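Hi everyone, thanks for making time. I'd like to walk you through one structure today, so let's get it up on the screen.

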Amino acid sequence: MLIAIDGYNFIKQSPELRRLEQIELQKAREGLIERLARYKRLKGQAIIVVFDGGLQGTLAGNRERSRGIEVIFSKPGEKADDVLKRLSAEKRGGITVVTSDRDVALFAEKKGAITIPVSDFAEKMEMAQFYLLKGAENESLSANRSIAPTKKGPSRRLSKSQRKATAAIKRL
């Protein structure tokens with residue numbers, strides 16, 4: 001599964017990365033890429049990070065690889081949101097979009113992509129790191145346990161798209 005992340009949206013929502021951004025924007029981007037590279041090593045997911053604006057100002061935008069993470073800078077005059085929308089339209093169900101931008105999330109969901117808010121994905125990243133440090137074999141054993149009683153019957157069943165999204169999120 002491919003994970004596409006709204007880079008600046010993630011940086012603005014993370015207190016540590018926001019502090020780095022106040023020092024220097026490039027340090028915040030590198031900090032995000034480092035976190036994502038650790039997550040990629042743990043989970044083996046393909047990850048794309050999309051940022052606004054090209055570094056060199058090329059008309060075609062800028063793509064590079066850093067620590068196994070594909071980094072895309074949008075073209076001049078184009079926003080990262082547009083790139084995320086284009087990716088979700090191209091990949092449809094094969095992509096998970098991580099953004100807290102409601103417009104991008106709704107567009108991606110309409111195209112069949114799965115969306116996750118930045119805060120939820122950041123929590124997933126922290127839990128994966130925690131389980132690695134604890135040496136736990138399978139983090140899903142404790143994550144799937146519910147406090148509420150098991151409910152049965154068709155009236156409580158989620159819609160097909162919601163079940164698909166839930167299953168994809170559990171795989172992260």
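**A loop, a hairpin and the start of the chain**

Let's begin with arginine 157, which you'll find in the loop that connects α7 (140–143) with α8 (160–171). Keep in mind that this is a predicted model. So, is arginine 157 buried or exposed? Its relative accessibility is 58%, and anything over 50% is called exposed, so arginine 157 counts as exposed. And it has company: together with Lys160, Arg163 and Lys164, Arg157 forms a positive surface patch.

Okay, zooming out for a second. We've got 8 helices and 6 strands in this protein. Reading from the N terminus, the order goes β-α-α-α-β-β-β-α-β-α-β-α-α-α. There are 172 residues, and 37% of them are buried.

Now for the hairpin. Strands β3 (residues 62–66) and β4 (residues 69–73) run antiparallel, with 5 bridges joining them. If you want one pairing to look for, take glutamate 64: which residue in β4 is its bridge partner? That's valine 71. Between the two strands of this hairpin there are 2 residues, and arginine 67 in the hairpin has a positive phi, near 55°.

Last stop, back at the beginning of the chain. Leucine 2 sits in strand β1, which covers residues 2–6. With a relative accessibility of 14%, and under 20% being the cut-off, leucine 2 counts as buried. Have a look at glycine 93 as well: leucine 2 and glycine 93 are 91 residues apart along the chain, and their C-alpha atoms are separated by 9.7 Å.

That's my tour, thanks for listening.

Key: Residues are numbered from 1 along each chain as its sequence is written. This is a predicted model: local features need pLDDT of at least 70, side-chain atom pairs count only at pLDDT 80 or more; totals for chains, interfaces and linings use all residues. Side-chain values use heavy atoms; hydrogens and water are left out. Patches are made of residues with over 30% relative accessible area and no salt bridge: like charges are joined within 9 Å, nonpolar side chains (Val, Leu, Ile, Met, Phe, Trp, Tyr) within 5 Å. Accessible areas come from the Shrake-Rupley method with a 1.4 Å probe; for residues, only the protein chains shown count as cover. A salt bridge is a side-chain nitrogen of Lys or Arg within 4 Å of a carboxyl oxygen of Asp or Glu. Lys and Arg count as positive and Asp and Glu as negative; His and the chain ends are not counted. The place of a charge is taken as NZ of Lys, CZ of Arg, CG of Asp or CD of Glu. Helices (H or I, at least four residues) and strands (E, at least two) are DSSP runs, numbered from the N terminus. Buried means under 20% relative accessible area, exposed over 50%, partly exposed in between (1.4 Å probe, protein chains only). Two strands pair if DSSP finds at least two bridges between them.
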